[in-house]
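I wanted a quick tour of the strands, the core and the main pocket. These are my notes, in the order I looked things up.

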Amino acid sequence: MSRTHTTMDTPVGELTIVAEDGALTAIYFPSHKRLPDPSEFGARTEDGFEEAKAQLTEYFAGERRVFSLPLAPKGDAFQQKVWALLRAIPYGQTRSYGQLAAELGDPRLAQAVGNANGRNPLSIVVPCHRVVGADGSLTGYAGGLERKRFLLELEEPDEAKANRLF
């Protein structure tokens, strides 16, 4: 097992990107909720992160809607199911925790879905920012609600941006 990490500056602050054996395992914001001890990130290097950095740069420039990177997030079977649902939420769209729970076959799992969503270690690439409250309100986000709002606004279709009242 060879774990390494790098950092990159983005419009939402410096991201720490962690990989293990060539697959991304985590992307952390500054002051990320549930941030593990940085000693768990492995050695710092620029090698092996070129594609992740390129795709994140394209995303922030509005040129990429889907990531195609090798991913290996660590989590239990339920979390993995939720994270797979997150990857299926299209760019520019949102889902509620209840909708995801219903997709799993049990609408009563909304709180468990929220907990799994909150433990998603691959922010942005596994788009947990696309999950909102049942009424469309912004709810918890490991990077903070301002970052969540920024990411959702970045993904808004141009016509929606033009019609948004500030």
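**Strands first**

I started at a single bridge: Met 8 is partnered with Leu 15 in β2. I kept in mind that this is a predicted model.

I then checked the pairing around that bridge. Strand β1, residues 3–8, runs antiparallel to β2 over six bridges. The two strands make a hairpin with six residues between them. In that turn I noted Gly 13, whose phi is positive at about 105°.

Next I moved to the following strand. β2 and β3 are also antiparallel, joined by five bridges. One of the bridge pairs is Ala 19 with Leu 24 in β3. This hairpin has two residues between its strands. Asp 21 sits in the turn and has a positive phi of about 50°.

**How covered is β2?**

I asked how many of the six residues of β2 are buried. The count came back as six of six. I split them by direction. Leu 15, Ile 17 and Ala 19 point one way. Thr 16, Val 18 and Glu 20 point the other way. Both sets are buried, Glu 20 included.

**The core**

I looked up the largest nonpolar core and found 35 residues. Leu 15, Leu 24, Leu 56, Leu 86 and Ile 124 touch the most other members. At least two core residues come from each of β2, β3, α1 (50–60), α2, α3 (97–103), α4 (110–118) and α5 (145–155). Nonpolar side chains tend to be buried together in soluble globular proteins.

I picked Leu 24 for a contact list, skipping neighbours within four places in sequence. On the β2 side, Ile 17, Val 18 and Ala 19 are in contact with Leu 24. Leu 24 also contacts Phe 49, Ala 52 and Leu 122. The run Leu 69, Pro 70, Leu 71, Ala 72 and Pro 73 is on the list too. Its bridge partner in β2, Ala 19, thus turns up again here.

**The largest pocket**

I finished with the largest pocket, which holds about 320 Å³ of space. Its lining has 20 residues. Thr 25, Ala 26, Tyr 28, Pro 36 and Pro 121 lie nearest the centre.

Which element gives the most to this lining? I found β3, with three residues. β2 (15–20), β3 (23–28) and α2 (77–87) each supply at least two.

By class, I noted eight nonpolar, five polar and seven charged lining residues.

Notes:
Residues are numbered from 1 along each chain as its sequence is written. This is a predicted model: local features need pLDDT of at least 70, side-chain atom pairs count only at pLDDT 80 or more; totals for chains, interfaces and linings use all residues. Side-chain values use heavy atoms; hydrogens and water are left out. On a 1 Å grid over the protein atoms alone, a cavity is a set of points where a 1.4 Å probe fits but cannot get out, and a pocket is an open set with protein on both sides within 12 Å along at least five of seven lines; lining residues have an atom within 4 Å of a point. Grid points are joined across faces, edges and corners, and a volume is the space filled by probe spheres set on the points. Helices (H or I, at least four residues) and strands (E, at least two) are DSSP runs, numbered from the N terminus. Ala, Val, Leu, Ile, Met, Phe, Trp, Tyr, Cys and Pro count as nonpolar, Asp, Glu, Lys and Arg as charged, and the others, Gly among them, as polar. A nonpolar core is a set of buried Ala, Val, Leu, Ile, Met, Phe, Trp, Tyr and Cys residues joined through side-chain atoms within 4.5 Å. Buried means under 20% relative accessible area, exposed over 50%, partly exposed in between (1.4 Å probe, protein chains only). Contact means heavy atoms within 4.5 Å. Two strands pair if DSSP finds at least two bridges between them.
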